[in-house]
Every structure is written in C-alpha cells, then in structure tokens.
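Please find below a short report on the fold and packing of one protein chain. It proceeds from overall dimensions to individual residues.

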Amino acid sequence: MAFDKERFFMTDARPDSASHYDRWTDAWRHMLGDDFHVGYFAHPDLPLEIATKRMTRLLAENAALQPGMNVLDVGCGTGSPALHLAQEHNCRVLGISTSEVCVERATALAARANMSHQVRFEVRDGVDTGLDAGSFDCVWAMESSHLMPRKDLLLTECSRVLRPGGRLVLCDFMLLRQMRFQEVPAVRKEILVLDKVFGKAVVWELPEYVRSAKEAGFRVLSELDITRETLPTFDRWRANSYTRASVFVELLGSEALEQFRAACDIFSRSWLDRLGYGVLVAERAS
C-alpha cells in the first residue's frame with residue numbers, strides 16, 4: 001500500500017498558517033534573522049546572517065534578473081529579500097502574504113529604506129492572487145510553498161501571472177524520500193512540534209514539484225539539491241534560542257521557547273535523511 005502523504009499531513013487539528021505567522025513573526029526575527037529563511041553555507045563556519053544573504057543571492061542568480069523587471073514575491077515574509085531584489089537588481093517588486101503582520105512589517109521596512117516607490121506589499125493568497133495575467137517577469141517563491149497544501153494551484157497561478165518566457169524560482173523544504181509506515185507514529189509527533197513553531201506544512205519531494213510545474217505549463221531549467229549546504233542553519237537557530245532567550249520569552253513565553261528548541265533538534269536529526277532543501281528554476285512556455 002502506498003503512503004498517503006497528503007492525508008497524513010492534512011488534519012483539522014493543525015494550525016492555520018496565516019494566523020500562526022501573525023503570532024510568531026516578531027519572535028522569529030530574533031531566532032531566524034531578518035531574512036526569514038535558511039542559509040546557504042559555502043563552509044560551515046559562516047555566520048547565519050551571511051549565509052541567509054547568500055541564499056537570497058543564489059536564488060537571484062537563478063532568476064536571471066534584469067533592471068526594470070516586475071517581480072512577484074509569493075510569501076514575502078518581512079520583506080528583506082524583496083528589498084534586496086530592488087536594491088541590487090533594480091527590479092520592481094510586489095510582495096504578497098496571507099499574514100497581515102508580515103505585510104505591515106515589510107511595508108515599514110521598505111519605508112525605512114526609502115524604497116516604497118519600488119517595493120510594495122499586499123495581503124494576497126499565492127494560489128489565487130487576483131493579479132492580472134502575464135503581468136510579471138519573474139515569480140519568486142522563497143520558502144513559502146510548504147505552507148500551501150495545493151501546490152498544483154500555486155504553480156498554475158504562477159504560470160498565469162507570468163508573461164511568456166517569464167521565470168519561476170522556488171526554494172523550500174523538501175522530502176528526500178517517502179516515509180516508511182513504521183516511522184509514522186514518531187514522525188507524526190515531530191510534525192505536531194513543528195506545527196506549533198512553524199505552522200501547518202505539506203512537504204513535497206523535488207520531483208513532485210518538477211512534475212507539477214510541467215503540468216502547469218513550465219519548462220524546467222534546473223533542479224538543485226542543496227540539503228548539505230543548508231544544514232548548519234539549525235545549529236545557528238538553536239544557538240540564538242539561548243543568546244536571545246529573554247526577548248523571545250517576553251514575546252511568546254517559555255513554553256514556546258522550548259518548542260522552538262525541540263523543532264531545531266527535529267530538523268537537525270531529519271536533515272539529510274527524510275528532510276532536505278531544493279531549488280526549482282522554470283520558465284513559462286510561450
């Protein structure tokens with residue numbers, strides 16, 4: 001019998017991602033850094049803030065950005081990657097999120113950087129944006145797709161809003177292999193911990209993204225497994241949970257802090273085995 005991943009991940013008891021982000025965003029910034037995503041560690045001794053910037057640059061290189069391009073940032077977090085695209089590549093960026101808190105924080109960040117004329121943020125859903133068809137040169141989906149159960153709808157929407165020849169760059173947590181049935185009880189407990197810290201996720205294997213992208217009308221240009229290069233992230237997050245514990249506890253309480261540390265341990269144990277990280281680069285067919 002095949003393992004039914006979708007049924008396993010989708011249970012009514014799991015928290016809603018948007019409301020979860022609204023609650024955890026300010027505390028996450030102390031643990032994850034301003035960029036709100038994993039780092040790319042060319043060597044394991046890099047500081048987290050440098051490694052996260054390198055991850056943004058890696059994705060930007062694959063996006064083949066040119067000055068004046070219109071970029072849609074799906075799942076914009078608190079806006080740091082979007083500002084990088086505008087400042088370093090002279091692009092116009094619209095960042096969207098279902099979290100009102102993220103949009104507020106990102107809008108304030110753009111204002112402080114005097115970039116509001118070039119970067120703006122709105123509350124919209126990545127699987128049903130309501131934006132005009134063919135209105136973007138690039139769709140940037142950085143560590144947001146795992147929060148969208150219907151990734152087929154996400155990829156179809158990305159294709160719809162891109163002009164012909166426009167590029168999709170997507171990076172996220174990935175399954176490295178299918179789960180064995182004997183692993184299910186332990187993994188289910190781990191998922192409940194990860195839910196409490198990072199919100200409700202449904203994780204795919206990279207080949208599933210590739211297949212669904214092709215079905216949505218994309219030509220896949222590259223697929224990268226960067227699991228090893230991202231592994232040190234979780235040691236950095238856990239270290240932050242000690243050096244910045246007091247401010248985290250003030251925002252969310254001591255129980256949430258222990259849950260965060262447990263989540264970091266789960267990632268460290270699972271990385272390179274069940275869980276990893278992948279990058280998908282694809283072009284909308286003409």
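The following text describes the overall form, the nonpolar cores, one helix and one loop residue of this predicted model.

**Overall form**

The protein contains twelve helices and seven strands. Its radius of gyration is 18 Å, which agrees with the value near 19 Å for a compact globule of 286 residues. Some global quantities are collected here.

| Quantity | Value |
|---|---|
| Box filled by the C-alpha atoms, along the principal axes | roughly 50 × 45 × 40 Å |
| Buried share of the 286 residues | 56% |
| Exposed area of the protein | about 12,600 Å² |
| Distance between the centres of the positive and negative side chains | 2 Å |

Carbon and sulfur atoms supply 50% of the exposed area. The charged side chains comprise 35 positive and 40 negative ones. Among contacts between residues at least 6 apart in sequence, 80% join residues at least 24 apart.

**Nonpolar cores**

The largest nonpolar core holds 65 residues, and those that touch the most other members are Leu-65, Phe-121, Phe-198, Trp-237, Phe-248, Phe-260 and Phe-267. Apart from this core lies another one of 27 residues, including Ile-96, Leu-131, Leu-168 and Leu-206. Leaving aside residues up to four places away in sequence, Leu-65 is in contact with Ala-60, Val-71, Leu-85, His-89, Cys-91 and Cys-138.

**Helix H4**

One of those partners, Leu-85, belongs to the buried residues of helix H4. This helix spans residues 80-89 and is mostly covered, with seven of its ten residues buried. The buried residues are Ser-80, Pro-81, Ala-82, Leu-83, His-84, Leu-85 and Ala-86. Which elements cover them? The cover includes helices H3 (48-63) and H5 (100-112), together with strands E1 (70-74), E2 (92-97), E3 (119-123) and E4 (136-142). Just after H4, Asn-90 adopts a positive phi of about 55 degrees.

**Glu-205**

A charged residue in a loop merits separate attention. Glu-205 is located between helix H7 (184-198) and helix H8 (206-215). Is Glu-205 buried or exposed? Its relative accessibility is 18%, and because buried means under 20%, Glu-205 counts as buried. Not counting residues up to four places away in sequence, Glu-205 touches Met-174, Leu-175, Leu-176, Arg-177 and Gln-178.

Key
Residues are numbered from 1 along each chain as its sequence is written. This is a predicted model: local features need pLDDT of at least 70, side-chain atom pairs count only at pLDDT 80 or more; totals for chains, interfaces and linings use all residues. Side-chain values use heavy atoms; hydrogens and water are left out. Buried means under 20% relative accessible area, exposed over 50%, partly exposed in between (1.4 Å probe, protein chains only). Helices (H or I, at least four residues) and strands (E, at least two) are DSSP runs, numbered from the N terminus. Contact means heavy atoms within 4.5 Å. The radius of gyration is taken over C-alpha atoms; the globule rule is 2.2 Å times the number of residues to the power 0.38. Accessible areas come from the Shrake-Rupley method with a 1.4 Å probe; for residues, only the protein chains shown count as cover. Lys and Arg count as positive and Asp and Glu as negative; His and the chain ends are not counted. The place of a charge is taken as NZ of Lys, CZ of Arg, CG of Asp or CD of Glu. A nonpolar core is a set of buried Ala, Val, Leu, Ile, Met, Phe, Trp, Tyr and Cys residues joined through side-chain atoms within 4.5 Å.
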